[in-house]
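Take a look at the sequence and the fold below. Keep both in view while reading.

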Amino acid sequence: MDFKKQTYAIQVSQFIRKMIQQGKLKPGDPVKENDLASFLNISRAPIREALQILTQDGLIVSEPQKGKTIRILSPKEIIDGYALTAILESEGIVMSLKDWTEDDNKDLLNVLKKMENKSKEAADITELSELDELLHNMLLSHCTNNQLVENARRFSSNISKYLCRDYWKKTFNPAFFYSRHKIVVDAFFTKDPEIIRKSIFAHYNDLAVAISKLVEKNQAQ
C-alpha cells in the first residue's frame with residue numbers, strides 16, 4: 001500500500017475543505033485536478049483520491065461536461081437533509097439513553113453553560129460553532145452505531161461549516177442560538193423518547209427553514 005499517497009489525499013481533502021470554509025471555493029465553483037496539482041506541486045493521483053473522498057462526503061458533485069464542482073444545495077435538499085439528520089440523531093440518542101452516567105450528564109451541562117457564557121459576548125454564531133458541534137457529538141457519544149453517528153453529523157457539518165456557512169451564521173443571534181440548544185438539552189433530561197424526538201426535529205427543522213429562506217432570497221436577487 002502507498003501510505004504516503006494516502007496521506008497526501010487526506011491532506012488535500014482537508015486543504016479543499018478549508019478553501020470552501022474560507023469562501024475561496026464557493027458552491028458551483030469548478031474543482032480542477034490540474035490546477036490543484038500545479039498549485040500544491042504534487043501529482044494528480046492524490047488529488048483525484050481527495051476529490052473522491054469529498055464526493056462521497058457530499059461536498060463535491062461530478063456532472064457530464066461540467067466536471068467536478070462544489071455542490072450547490074437547493075432549499076428542498078436543505079430541508080430534506082436536516083430532516084434526515086434529526087431522525088438519525090434522535091434515534092441515536094434514544095437508543096443510548098440507558099448508558100448515560102451522572103458524570104456524563106454533568107459534562108453535557110458544562111458544555112451548555114459554556115455556550116451560554118460565550119453567547120453573551122459572541123459577535124455571531126460562528127463563535128459558538130465548536131461548542132455547538134461538541135454538544136451534538138456528546139448527545140451521540142454513547143451510540144454504538146458508528147454509521148448512524150457518521151451520517152447524522154455529516155450533513156449538518158456540510159451545511160454549517162462548508163456549503164451554507166454564510167447563510168448559517170445569519171440564521172440566529174448568539175443568545176437565541178444558545179436558547180435553542182437549551183431546549184434540546186432540557187428535552188434530553190426528560191429521558192422521554194417522544195419528547196426528545198420532537199425537540200430534535202424542531203431544532204433542525206427551524207434551522208433548515210431559516211437557511212432555506214435565505215437561500216431562496218439570494219437566488220431571487
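What follows is a walk from one helix to the spaces around it, and then to a few single residues. The model is a predicted one.

Start with helix H10 (193-220). H10 has 28 residues. From its first C-alpha to its last, H10 reaches 40 Å, close to the 40 Å expected at 1.5 Å a residue. Many positions can be followed along this helix. Ile196, Ser199, Ile200, His203, Tyr204, Leu207, Ala208, Ala210, Ile211, Ser212 and Val215 are buried in H10. An α-helix has 3.6 residues a turn, so residues three or four places apart point the same way. Look for that spacing in the list of buried positions. What covers these residues? The cover includes helix H4 (75-95), H6, H7, helix H8 (165-168) and H9.

Now turn to the closed spaces. How many cavities of 30 Å³ or more does a search of the whole structure find? The search finds 2. The largest cavity holds about 70 Å³ of space. Its lining is made of Tyr82, Asp132, His136, Ser156, Ser160, Trp168, Phe177, Arg180, His181, His203, Tyr204 and Leu207. Four helices each supply at least two of these residues: helix H6 (129-139), helix H7 (146-163), helix H9 (174-190) and helix H10 (193-220). By class, the lining divides into 5 nonpolar, 5 polar and 2 charged residues. H10 takes part here with residues from its buried set: His203, Tyr204 and Leu207 are buried, and these three also line the largest cavity.

The second largest cavity has a volume of about 30 Å³. Ile93, Val184, Ala187, Phe188, Ile196, Ser199 and Ile200 line this cavity. H9 and H10 each give at least two residues to the lining. The class count here is 6 nonpolar, 1 polar and no charged residues. Once again H10 contributes buried positions: Ile196, Ser199 and Ile200 are buried, and they line the second largest cavity.

Next come the open spaces. The largest pocket holds about 370 Å³ of space. Of the 19 residues that line the largest pocket, the closest to its centre are Lys26, Pro27, Leu163, Cys164 and Tyr167. Helix H1 (3-21), H7, H8 and H10 are the elements that give two or more residues to its lining. That lining divides into 10 nonpolar, 5 polar and 4 charged residues.

The second largest pocket holds about 160 Å³. Gln21, Ser129, Glu130, Asp132, Glu133, Arg153, Ser156, Ser157, Ser160, Lys161, Arg165 and Trp168 line this pocket. H6, H7 and H8 each supply at least two of the residues. Which helix gives the largest share of the lining? H7 does, with 5 residues. By class, the lining has 1 nonpolar, 5 polar and 6 charged residues.

Some residues serve two spaces. Asp132, Ser156, Ser160 and Trp168 appear in the lining of the largest cavity, and they appear again in the lining of the second largest pocket. Serine 160 is worth a stop. This serine lies in helix H7. Is serine 160 buried or exposed? Serine 160 counts as buried, because its relative accessibility is 12% and the cut-off is under 20%. Not counting residues up to four places away in sequence, serine 160 touches Tyr82, Arg165 and Trp168. Tyr82 and Trp168 also line the largest cavity, while Arg165 and Trp168 line the second largest pocket.

Stay on H7 for asparagine 158. Asparagine 158 is buried, with a relative accessible area of 4%. Leaving aside neighbours within four places in sequence, asparagine 158 is in contact with Asp57, Gly58, Leu59, Leu163 and Cys164. Leu163 and Cys164 are among the residues closest to the centre of the largest pocket.

Cysteine 164 is itself buried, with a relative accessible area of 4%. Cysteine 143 is buried too, at 6%. The structure holds 0 disulfides. A disulfide is a covalent bond between the sulfur atoms of two cysteines.

Finish on H6 with leucine 131. Leucine 131 is buried, at a relative accessible area of 16%. Leaving aside neighbours within four places in sequence, leucine 131 is in contact with Val111, Lys114, Met115 and Lys118. Methionine 115 is 16 residues from leucine 131 in sequence, and the two are 6.2 Å apart in space, C-alpha to C-alpha.

Notes
Residues are numbered from 1 along each chain as its sequence is written. This is a predicted model: local features need pLDDT of at least 70, side-chain atom pairs count only at pLDDT 80 or more; totals for chains, interfaces and linings use all residues. Side-chain values use heavy atoms; hydrogens and water are left out. A disulfide is a pair of cysteine sulfur atoms within 2.5 Å. Buried means under 20% relative accessible area, exposed over 50%, partly exposed in between (1.4 Å probe, protein chains only). On a 1 Å grid over the protein atoms alone, a cavity is a set of points where a 1.4 Å probe fits but cannot get out, and a pocket is an open set with protein on both sides within 12 Å along at least five of seven lines; lining residues have an atom within 4 Å of a point. Grid points are joined across faces, edges and corners, and a volume is the space filled by probe spheres set on the points. Ala, Val, Leu, Ile, Met, Phe, Trp, Tyr, Cys and Pro count as nonpolar, Asp, Glu, Lys and Arg as charged, and the others, Gly among them, as polar. The expected span of a helix is 1.5 Å times one less than its number of residues. Contact means heavy atoms within 4.5 Å.
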